[in-house]
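I opened my notebook for a short session with this structure. Here is what I looked up, entry by entry.

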Amino acid sequence: MDKDKKKDIRSLSIAELRDFFVQNGDQAFRGNQVYQWLWQKGIHDFRGMTNLSKSTRDLLESNFVINHIAIDRQQKSKDGTIKNAIKLFDQLVVESVLIPTATRTTACVSSQVGCSLDCKFCATSKIKRMRNLNADEIYDQVVAMDQQSRYYYDRPLSNIVFMGMGEPLMNYKNLIASIDKITQPEGLGMSPSRITVSTSGIPKMIMKMADDEAKFGLAVSLHSAIQSVREQLMPFAEKFPLEELGSSIRYWYEKTSRPVTYEYVVLKDINDKEADINALVDFCKNTPCKVNLIEYNPIGENEFLQADNDKLMAYQSALEANRITSTIRRSRGKDIDAACGQLANKAVKI
Ligand code: SAH
């Protein structure tokens, strides 16, 4: 069989692996053994599957490949943030970021190579979407950062956020498959409550996640609760009016009882006026929620500027007066272009 035509074995479910062995005259449990090597032990080479006979390993070798990621470059910020350039099997590159704080280490993972959306303030939007990441490529980023967290900070990963490159809900099937692997005991065994999926706000997909009884957290990149302002920042939002977004979030809350987090970059002269604040407060009355006010991270063009600190404070006090919890996300890893919205691997193909 031509090597390039061989299937990536990690695209198979455990049931498919079991079937493969039965069809090849072996026993189904062999599939479980292989699954464990692939997902729990993270083996990248059939020869390393030491409880299989040589003929079984040869059988696998002649039918499959094990695609895997490689950390191509690692940069460490003075605040401890680590940015990884991750090389994929087809030489494309994505980035992922490990963010340590006093109490947590959070992995920020990518879901696509580039992005098909057009958020004006985000560096990733400058790279066209080249392809979706496979479930194993998303999973591998998490495994790599879990190892980094243990190595550099002496503790396992505590949280995972899908806030790297790409729009996770436009790669839904692989997103869910990767979360399954992260949470299953045969994988990393992490609690889904420590995972947050961040979306630019695609109502149909938010409802699908609610129907699928997602157990992880949902963050929505809102940035404005005024339709015209939001469209100016995120032109695709024209297709998803705020009303529709709001009702999909209500649906999410009814089905999951989990409050949504709104991500909100405050930009000078764009969304820092009283009318903007009032609109956000109103929008927040839709369902229980939390607001994460984000400092704008420059992306090399001068179109946008970070709002003055007193504007952020004005947002916070208005939210507080309406009993809406808010936090301010201060930039991390800015010196190495690892902060929110700065992921745009300067050389995509290396
Ligand atoms: N596509 C998803 C996830 C990736 S973006 C989403 O839109 O949510 C992760 C977060 O970073 C989003 O909230 C995004 O709006 C924010 N972000 C993008 N560019 C930014 C910038 N230049 N400064 C600060 N935050 C930014």
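**Entry 1: Ser158.** I began with Ser158, which sits in the loop that joins helix H4 (135–153) to strand E9 (159–162). I kept in mind that this is a predicted model. Is Ser158 buried or exposed? I found a relative accessibility of 16%, so Ser158 counts as buried, the cut-off being under 20%. Next I looked for partners of its side chain and noted a polar contact with the side chain of Asn159, at 2.8 Å. Setting aside neighbours within four places in sequence, I listed Arg104, Thr105, Met190 and Arg194 as the residues in contact with Ser158.

**Entry 2: the ligand.** Which residues come nearest to the ligand? Of the 21 residues around it, I wrote down Phe121, Ser198, Ser221, His223 and Asn297. Then I went through some polar atoms. His223 has a polar side-chain atom 2.6 Å from an oxygen atom of the ligand. Two backbones also went into my notes: a polar backbone atom of Gly166 lies 3.0 Å from a ligand nitrogen atom, and one of Thr199 lies 3.5 Å from a ligand oxygen atom. I then checked the cover: on its own the ligand has 540 Å² of accessible area, and the protein covers 96% of that.

**Entry 3: helix H10.** I turned to H10 and checked its length against expectation. Its 13 residues should span 18 Å at 1.5 Å a residue, and the end C-alpha atoms are 18 Å apart, so the two agree. Which residues of H10 are buried? I found Leu312, Tyr315 and Leu319. Looking down the helix axis, I saw the buried residues fall within an arc of 55°, so they line one face of H10. Their cover includes strand E12 (260–265), helix H9 (274–284), strand E13 (289–294) and strand E14 (325–329). On the face turned away from the buried side I noted the exposed residues Asp310, Glu320 and Ala321. Just after H10, I spotted Arg323 with a positive phi of about 55°.

**Entry 4: Met313.** I finished with one residue of H10 (residues 309–321), Met313. It counts as partly exposed because its relative accessibility is 35%, which falls between the 20% and 50% cut-offs. Leaving out neighbours within four places in sequence, I found Met313 in contact with Ile328 and Arg330. I also looked back along the chain to Leu293: the two residues are 20 residues apart in sequence, and their C-alpha atoms are separated by 9.8 Å.

Methods: Residues are numbered from 1 along each chain as its sequence is written. This is a predicted model: local features need pLDDT of at least 70, side-chain atom pairs count only at pLDDT 80 or more; totals for chains, interfaces and linings use all residues. Side-chain values use heavy atoms; hydrogens and water are left out. Helices (H or I, at least four residues) and strands (E, at least two) are DSSP runs, numbered from the N terminus. Buried means under 20% relative accessible area, exposed over 50%, partly exposed in between (1.4 Å probe, protein chains only). Contact means heavy atoms within 4.5 Å. The expected span of a helix is 1.5 Å times one less than its number of residues. The arc is that of the directions from the helix axis to the C-beta atoms. A residue is near a molecule or strand if one of its heavy atoms lies within 4 Å of it. A polar contact is a pair of N or O atoms within 3.5 Å; within protein, one must be able to donate a hydrogen and the other to accept it, and residues adjacent in sequence count only if both atoms are side-chain atoms. Accessible areas come from the Shrake-Rupley method with a 1.4 Å probe; for residues, only the protein chains shown count as cover.
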